[in-house]
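Reader: I am new to this protein model and would like to learn how to read it. Could you take me through it step by step?

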Amino acid sequence: MSREIREFPEVILDPQNLGGVVDFSVIFGRCAQNHIEVGSGKGTFLVNQAKSQPEVNFIGIEWASRYYRLAVDRIGRWNLSNVRIIRTDAARFIAEVVPDLSVDCFHIYFPDPWPKKRHHKRRFFNAVNLEQLIRCLKPAGTIRAATDHAEYFEQIRAVISARADILEQIDFLPTAGAQIGEWVGTNFERKYKKENRNIFTLAVRKRVR
């Protein structure tokens with residue numbers, strides 16, 4: 001018998017109620033580090049990392065309705081006051097809603113690779129979106145990415161390398177929920193590792209000027 005999926009309004013951000021650029025201190029009722037996950041899936045990373053870092057504010061963005069609902073249910077059941085999740089287009093949310101110099105880390109784990117060439121334009125990692133991430137990052141803020149798709153990883157590296165003037169590569173350290181042999185411990189990573197796929201990771205830091 002499947003478990004009932006519940007709604008927890010306290011963890012949901014309604015895009016229709018945001019009214020423009022947000023203030024994270026208002027959303028969370030405190031000033032703290034702000035982390036954003038692009039593509040939260042079922043919320044595995046968010047829950048594990050938020051439990052490990054209660055002093056950090058986490059916002060998850062997920063478009064797929066089924067995954068979004070599962071993530072809301074999971075976050076709500078853990079009663080995590082430092083997590084919010086929103087169902088919306090990530091690129092638009094970041095470009096239109098996230099303030100300048102407000103984010104300490106972007107987590108982008110196993111984004112849709114859109115493998116067909118005619119669909120590559122839909123990939124999240126492109127020059128336009130990267131400029132928005134850079135705009136939002138605080139000095140010394142980081143971008144962390146992981147994928148199982150080798151060709152997409154090369155695109156990610158190329159896009160980021162083009163901004164080596166402001167982004168410097170750093171070590172990619174495993175997340176709080178990662179088990180032995182894992183990097184981020186998400187459902188997708190565990191699925192792909194069972195299929196013996198290679199996992200590629202990259203982390204960069206915004207240079208302090």
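Author: We will go through the sheet, the helices and the salt bridges in turn. Please keep in mind that this is a predicted model.

Reader: Let us begin with the sheet, then. In what order do the 8 strands lie?

Author: Welcome to the centre of our tour. The order is β1-β4-β3-β2-β5-β6-β8-β7 in an open sheet with mixed pairing. At the edges are β1 (12-13) and β7 (167-170), each of which pairs on one side only.

Reader: How do I read the pairing of two strands, for example β5 and β6?

Author: Look at their direction and at the bridges between them. Strand β5 (residues 103-109) and strand β6 (residues 137-147) run parallel and are joined by 6 bridges. If you pick out C105, you will find T142 as its bridge partner in β6.

Reader: And which residues face β4 from its neighbours?

Author: Take one neighbour at a time. β1 runs parallel to β4, with 2 bridges between them, and here L13 stands opposite I86. β3 is also paired with β4 in the parallel sense, over 4 bridges; there, I59 stands opposite R84.

Reader: Where do the side chains of a strand point?

Author: In a regular strand, side chains alternate between the two faces of the sheet. In β4, V83 and I85 are on one side, R84 and I86 are on the other, and all of them are buried. Both faces of β4 are therefore covered, since "buried" here stands for under 20% relative accessible area.

Reader: What about R205: which strand holds it, and what does it touch?

Author: R205 belongs to strand β8 (residues 200-206). Leaving aside residues up to four places away in sequence, R205 touches A140, G141, T142, I166, L167, E168 and I170. With a relative accessibility of 32%, R205 counts as partly exposed. You can also look from R205 to I108: they are 97 residues apart along the chain, and their C-alpha atoms are separated by 14 Å.

Reader: Now the helices. Which strands does α2 touch?

Author: Helix α2 (residues 44-52) packs on the sheet and touches β2 (33-38), β3 (56-61), β4 (83-86) and β5. Its direction makes about 175° with that of β3.

Reader: Which residues of α2 are buried?

Author: A general idea helps here. An α-helix has 3.6 residues a turn, so residues three or four places apart point the same way. In α2 the buried residues are T44, F45, L46, V47, Q49 and A50. They pack against β2, β3, α3, β4, β5 and α7 (187-194).

Reader: Where does α3 lie?

Author: Helix α3 (residues 65-77) lies across β1 and β4, and it runs at about 165° to β4.

Reader: How do I describe two helices that pack together, such as α4 and α5?

Author: Give the angle, the distance between the axes and the residues that meet. For helix α4 (residues 90-97) and α5, the angle is about 45° and the axes are 10 Å apart, which makes α4 oblique to α5. The crossing in which α4 passes α5 is left-handed. On the α4 side, A91, I94 and A95 meet N129, Q132, L133, R135 and C136 of α5.

Reader: Last topic: how many salt bridges does the structure hold?

Author: Side chains of opposite charge can pair when their charged atoms come close. This structure holds 13 salt bridges. One of them joins the side chains of R123 and E151, at 2.6 Å from N to O. R123 lies in the loop between β5 and α5 (127-136) and E151 in helix α6 (residues 150-161), so the pair ties together parts 28 residues apart in sequence.

Reader: Is R123 buried or exposed, and what about E151?

Author: R123 counts as buried, at 1% relative accessibility, whereas E151 counts as partly exposed, at 39%.

Reader: Which residue forms a salt bridge with R190, and which with E195?

Author: R190 forms one with E182, where the closest N and O atoms are 2.9 Å apart. R190 counts as partly exposed at 27% relative accessibility, and E182 as buried at 11%. E195 pairs with R197, with 2.8 Å between the closest N and O atoms. Salt bridges that share partners also join E131, R163, D165 and R209 into one network.

Note on methods
Residues are numbered from 1 along each chain as its sequence is written. This is a predicted model: local features need pLDDT of at least 70, side-chain atom pairs count only at pLDDT 80 or more; totals for chains, interfaces and linings use all residues. Side-chain values use heavy atoms; hydrogens and water are left out. Two strands pair if DSSP finds at least two bridges between them. Contact means heavy atoms within 4.5 Å. Axes are lines fitted to C-alpha atoms, for helices over the stretch in contact, and angles run from 0 to 180 degrees between N-to-C directions. A salt bridge is a side-chain nitrogen of Lys or Arg within 4 Å of a carboxyl oxygen of Asp or Glu. Buried means under 20% relative accessible area, exposed over 50%, partly exposed in between (1.4 Å probe, protein chains only). Angles under 35 degrees count as roughly parallel, over 145 as roughly antiparallel, 65 to 115 as roughly perpendicular and the rest as oblique. A crossing is left-handed if the near helix is turned anticlockwise from the far one by less than a right angle, and right-handed if clockwise.
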